[in-house]
Amino acid sequence: MEKGPVNLSDALSSFEALWSPHIIAQMNDYDVRIAHVEGEHVWHAHRDTDEFFLVLEGEFNIAMRDDGGEERIVKLLEGDTYVVPKGISHRPFSPGASILMFEPTGTLSTGDSQEGPIPEGVDKTTGHKIN
Ligand code: NI
């Protein structure tokens, strides 16, 4: 299906909700999603897929645990990209940022399994359409 161009700045300013990924494009069976983030997400993992992040503005951190439970933090600044490998437990947190993600259509923002309750203000979603 052919769609018109989507301007990234316009798309980012079309919604304000935090931790609420919006889909700006779909290609093959993948979504390109953008989100505003601030505060903490929930520890979760995606059993079947890697997750690609690009920081559009601000600072975005990802805490991750290896198989032994050892925790480390990857700090990302504007222009940085990172891939969280599938199956790795991770918890994004940020003092404020906008990010872009690639992930298979249907991927839940909170993963297949999460640890503890989903914080208030974190949207459990497979992505919202941009209006
Ligand atoms: Ni994730």
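Select strands β2, β4 and β7 to begin: each of the three supplies at least two residues to the lining of the largest cavity. The model on screen is a predicted one. The tour starts at this cavity, then goes to the cores, the metal site, the pocket and a few single residues.

**Stop 1: the cavity**

Keep β7 highlighted, since this strand gives the most to the cavity lining, with four residues. The cavity has a volume of about 130 Å³. How many cavities of 30 Å³ or more does the structure hold? It holds one. Now show side chains for Trp 19, His 41, Phe 53, Met 101 and Ser 109; of the 15 lining residues, these are the closest to the cavity's centre.

**Stop 2: Trp 19**

Stay on Trp 19. This residue sits in the loop between α1 (8-12) and β1. Is Trp 19 buried or exposed? Its relative accessible area is 7%, so Trp 19 is buried. Check the backbone here as well: Trp 19 is not a glycine, yet its phi is positive, at about 50°. Most residues other than glycine have a negative phi.

**Stop 3: the largest nonpolar core**

Next select Val 37, Phe 53, Phe 60, Ile 62, Leu 76, Tyr 82 and Ile 99. The largest nonpolar core has 16 residues, and these seven touch the most other members. Colour the strands to see where the core comes from: β2 (30-40), β4, β5 (71-77), β6 (81-84) and β7 each give two or more residues. Which element gives the most to this core? Strand β4 does, with five residues.

Then centre on Val 37 and show what surrounds it. Beyond its neighbours within four places in sequence, Val 37 is in contact with Leu 18, Trp 19, Phe 60, Ser 94, Gly 96, Ala 97 and Ile 99. Trp 19 from the previous stop is thus in this list. Another core lies apart from the largest one; it has eight residues, including Ala 11, Leu 12, Ile 24 and Leu 56.

**Stop 4: the nickel ion**

Select the nickel ion and the residues that hold it. Which residues coordinate the nickel ion? His 44, His 46 and His 90 do so through NE2, and Glu 51 through OE, at 2.1 to 2.2 Å. The four donor atoms subtend angles of 86 to 174° around the ion, and the arrangement is therefore irregular. For four donors to count as tetrahedral, all angles must lie between 85 and 135 degrees.

Along the chain, the donor residues follow the spacing H-x1-H-x4-E-x38-H. Glu 51 belongs to strand β4 (residues 51-65) and His 90 to strand β7 (residues 89-104), so this pair ties together parts that are 39 residues apart in sequence. Both can be checked for accessibility: Glu 51 counts as buried at 4% relative accessibility, and His 90 is buried at 0%.

**Stop 5: Gly 87**

From His 46, step to Gly 87, which is found in the loop between β6 and β7. Not counting residues up to four places away in sequence, Gly 87 touches Ala 45, His 46 and Arg 47. With a relative accessible area of 47%, Gly 87 is partly exposed. Draw a distance from its C-alpha to that of His 36: the two are 51 residues apart in sequence and 24 Å apart in space.

**Stop 6: the largest pocket**

Now show Lys 3, Ile 23, Ile 24, Ala 25 and Gln 26. Of the 10 residues lining the largest pocket, these are the closest to its centre. The pocket holds about 250 Å³ of space. Strand β1 (residues 22-27) gives the most to this lining, with four residues.

**Stop 7: Asn 28**

Move along to Asn 28, in the loop between β1 and β2. Asn 28 counts as exposed, at 80% relative accessibility. Its phi is positive, about 50°, although Asn 28 is not a glycine.

**Stop 8: Lys 75**

Finish on Lys 75, in strand β5. What is in contact with it? Leaving out residues up to four places away in sequence, Lys 75 touches Glu 59, Phe 60, Asn 61 and Asp 80. Lys 75 is exposed, with a relative accessible area of 53%. From C-alpha to C-alpha, Lys 75 and Ala 63 are 8.7 Å apart in space and 12 residues apart in sequence.

Technical notes
Residues numbered from 1 in each chain as written. Predicted model: local features only at pLDDT ≥ 70, side-chain atom pairs only at ≥ 80, totals over all residues. Heavy atoms only, no water. Donors = N, O, S within 2.8 Å, 3.2 Å for Na, K, Ca; no water. Tetrahedral: all angles 85-135°; square planar, octahedral: opposite > 155°, others 65-115°. Buried < 20%, exposed > 50% of the residue type's maximum accessible area, 1.4 Å probe, protein only. Core = buried A, V, L, I, M, F, W, Y, C linked by side-chain atoms within 4.5 Å. Contact = heavy atoms within 4.5 Å. 1 Å grid on protein atoms, 1.4 Å probe; cavity = no way out; pocket = protein on both sides within 12 Å on 5 of 7 lines; lining within 4 Å. Points joined across faces, edges and corners; volume = space filled by probe spheres on them.
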